[in-house]
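Work through the exercises below with the structure open. Try each task before reading its solution.

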Amino acid sequence: MRPRSIAALLVLFALIALTSAGVRTDENARESAPAPPPQGADGSIEPELTPIRANPLPPGAAAAGAEEIKAITRAYSGRIEDSSYRDGEWAVRIDGRWYYWEEGRLLTADLRPRAEEFTPLRFYRYYRGPLRIREVDSELADRLRNILAERRSDPPVRHPGFQDALYGVSSRAEAENTMVDVTFLGRRTRVHPVTVEALRRVENEVREAASRNPEVEEFVGDLNAVEGFHWRNIAGTRARSFHSYGVAVDLIPGYYGGDFGYWRWAAEAGVEDWWALGEEDRFMIPQPIVDAFERNGFVWGGKWLFFDPIHFEYRPEVFLLSPEDTE
Ligand SMILES: [Zn+2]
């Protein structure tokens, strides 16, 4: 093909891209659309929790993703090359490619027209400190009761492109090469390098707490294993678990004491209102350990509606979106 024809084709593609981008952003209907059904497991797919934004933003596409993109850019400044408002939405650039907000889906331009096929990453307001079990109204309760059946018939799909780029891992082989060996609280595991420093600080703080608090000391002593990297999807979904990127760690106890260590265990055991289970029926982690993780950028899965109390996930951007006094 002659260079002129190639140039003409490029112009044509650019026009098509501009037109489709225009269609998406003019639509603007998702701002007022009903909330999507709740989704969960391994926690990183969550139903709408508390309002995401620290400050209510005026409606309109211009603001879409502004706060979240700012937080992502700050949290991963070593990876994010640029962020800007372009083609009707906020976007971040990694390795020369732009990822558009798309309600948390963070999609490249070619995937934006297919946004509805994908489930978003959740950016939520997170509260620090002790667990407060969430009140669930009857409407949400009905949806939660059906969640396992819905998952079986139509497991949510998340496009992995943004996370693959962010963590530099897009295949199991790449992941295996990226992970580093660490010892955490005396147990060996593998994690992504981005978490190593934070985990080291968590460990120091937990050790310090254990020296004063017998409950913490006992928990650490009873740990069966620590599981970081594990290439897998989130149970019941087609979304890559944060364990696949080595940015989540499970503290696996030797003994659950008859408590539910995961929301699915309760749901599958026939607990009808599993989301309302009290602390006495959930596996709990001593508060000083939760505090140490939170101080270092890890959210605790025990606070998710789809509770996963052995799970901690490195989400510094979530803390940037959550002021200290978040209710
Ligand atoms: Zn986990």
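**Exercise 1. Helices H7 and H10**

Task: In this predicted model, decide how H7 and H10 are oriented relative to each other, roughly parallel or roughly antiparallel.

Solution.
- Step 1. Start from the general rule: two packed helices are described by the angle between their axes and the distance between the axes.
- Step 2. Find the helices. H7 covers residues 196–212, and H10 covers residues 287–295.
- Step 3. Take the two values. The axes of H7 and H10 come within 9 Å and cross at roughly 155 degrees.
- Step 4. Apply the cut-off. Angles over 145 degrees count as roughly antiparallel. H7 and H10 are therefore roughly antiparallel to each other.
- Step 5. Add the hand. The crossing of H7 and H10 is right-handed.
- Step 6. List the contact residues. H7 supplies Val202, Glu205, Val206 and Ala209, while H10 supplies Pro288, Ile289, Ala292, Phe293 and Arg295.

**Exercise 2. The nonpolar cores**

Task: Which residues have the most contacts inside the largest nonpolar core, and which helix gives that core its largest share?

Solution.
- Step 1. Size the core. The largest nonpolar core has 56 residues.
- Step 2. Pick out the residues with the most contacts inside this core. They are Ile289 and Phe293.
- Step 3. Assign the share. Helix H7 contributes five residues, the largest share of this core.
- Step 4. Look around Phe293. Neighbours within four places in sequence are left aside. Phe293 then contacts Val202, Phe298, Trp300 and Phe312.
- Step 5. Look for another core. One of 11 residues lies apart from the largest core, and its members include Leu144, Tyr262, Ala266 and Phe307.

**Exercise 3. The four-strand sheet**

Task: Which strands stand at the edges of the sheet that contains S7 and S9?

Solution.
- Step 1. Write the order. The open sheet runs S6-S7-S9-S8, with antiparallel pairing.
- Step 2. Read off the edges. S6 (223–227) and S8 (298–300) each have a single partner strand, so one side of each is left without a neighbour in the sheet.
- Step 3. Add the twist. From one strand to the next, the twist averages 20 degrees.
- Step 4. Check one pair. S7 (residues 248–253) and S9 run antiparallel and are joined by three bridges. In this pair, Asp250 is opposite His311 of S9.
- Step 5. Place the helix. H10 packs on the sheet and touches S8 and S9. The direction of H10 makes about 145 degrees with that of S8.

**Exercise 4. Glu313**

Task: Is Glu313 buried or exposed?

Solution.
- Step 1. Locate the residue. Glu313 lies in strand S9 (residues 311–314).
- Step 2. Count and compare. The cut-off for buried is 20 or more other C-beta atoms within 10 Å. Glu313 has 25 C-beta neighbours inside 10 Å, so Glu313 counts as buried.
- Step 3. Find a partner distant in sequence. Ala248 is 65 residues from Glu313 in sequence, yet their C-alpha atoms are 4.2 Å apart.

**Exercise 5. The three-strand sheet**

Task: How are S1, S2 and S3 ordered, and how many bridges join S1 to S2?

Solution.
- Step 1. Write the order. The open sheet runs S1-S2-S3, with antiparallel pairing. S1 and S3 are the edge strands, each pairing on one side only.
- Step 2. Add the twist. The average is 35 degrees from one strand to the next.
- Step 3. Count for S1 and S2. Five bridges join this antiparallel pair. Arg86 stands opposite Glu89 of S2.
- Step 4. Place the helix. H2 (residues 66–75) packs on the sheet, touching S1 and S2. The direction of H2 makes about 20 degrees with that of S2.
- Step 5. Turn to S2 (residues 89–94) and S3 (residues 97–100). They pair over four antiparallel bridges. Ala91 has Tyr100 of S3 as its bridge partner.
- Step 6. Inspect the turn. Two residues separate S2 and S3 in their hairpin, and Asp95 in the turn has a positive phi of about 50 degrees.

**Exercise 6. Positive phi in two loops**

Task: Where do Asp87 and Leu185 lie?

Solution.
- Step 1. Take Asp87. Its phi is positive, near 50 degrees, and it is not a glycine. Asp87 sits in the loop between S1 (82–86) and S2. With 17 other C-beta atoms within 10 Å, Asp87 is partly exposed.
- Step 2. Take Leu185. This non-glycine residue has a positive phi of about 50 degrees. Leu185 sits in the loop between S4 (180–184) and S5 (187–191). Leu185 has 19 C-beta neighbours inside 10 Å, so Leu185 counts as partly exposed.

Definitions and conventions: Residues are numbered from 1 along each chain as its sequence is written. This is a predicted model: local features need pLDDT of at least 70, side-chain atom pairs count only at pLDDT 80 or more; totals for chains, interfaces and linings use all residues. A nonpolar core is a set of buried Ala, Val, Leu, Ile, Met, Phe, Trp, Tyr and Cys residues joined through C-beta atoms within 7 Å. A residue is buried if 20 or more other C-beta atoms lie within 10 Å of its own, exposed if 12 or fewer, and partly exposed in between; C-beta atoms are placed from the backbone. Two residues are in contact if their C-beta atoms, placed from the backbone, lie within 7 Å. Two strands pair if DSSP finds at least two bridges between them. Axes are lines fitted to C-alpha atoms, for helices over the stretch in contact, and angles run from 0 to 180 degrees between N-to-C directions. Angles under 35 degrees count as roughly parallel, over 145 as roughly antiparallel, 65 to 115 as roughly perpendicular and the rest as oblique. A crossing is left-handed if the near helix is turned anticlockwise from the far one by less than a right angle, and right-handed if clockwise.
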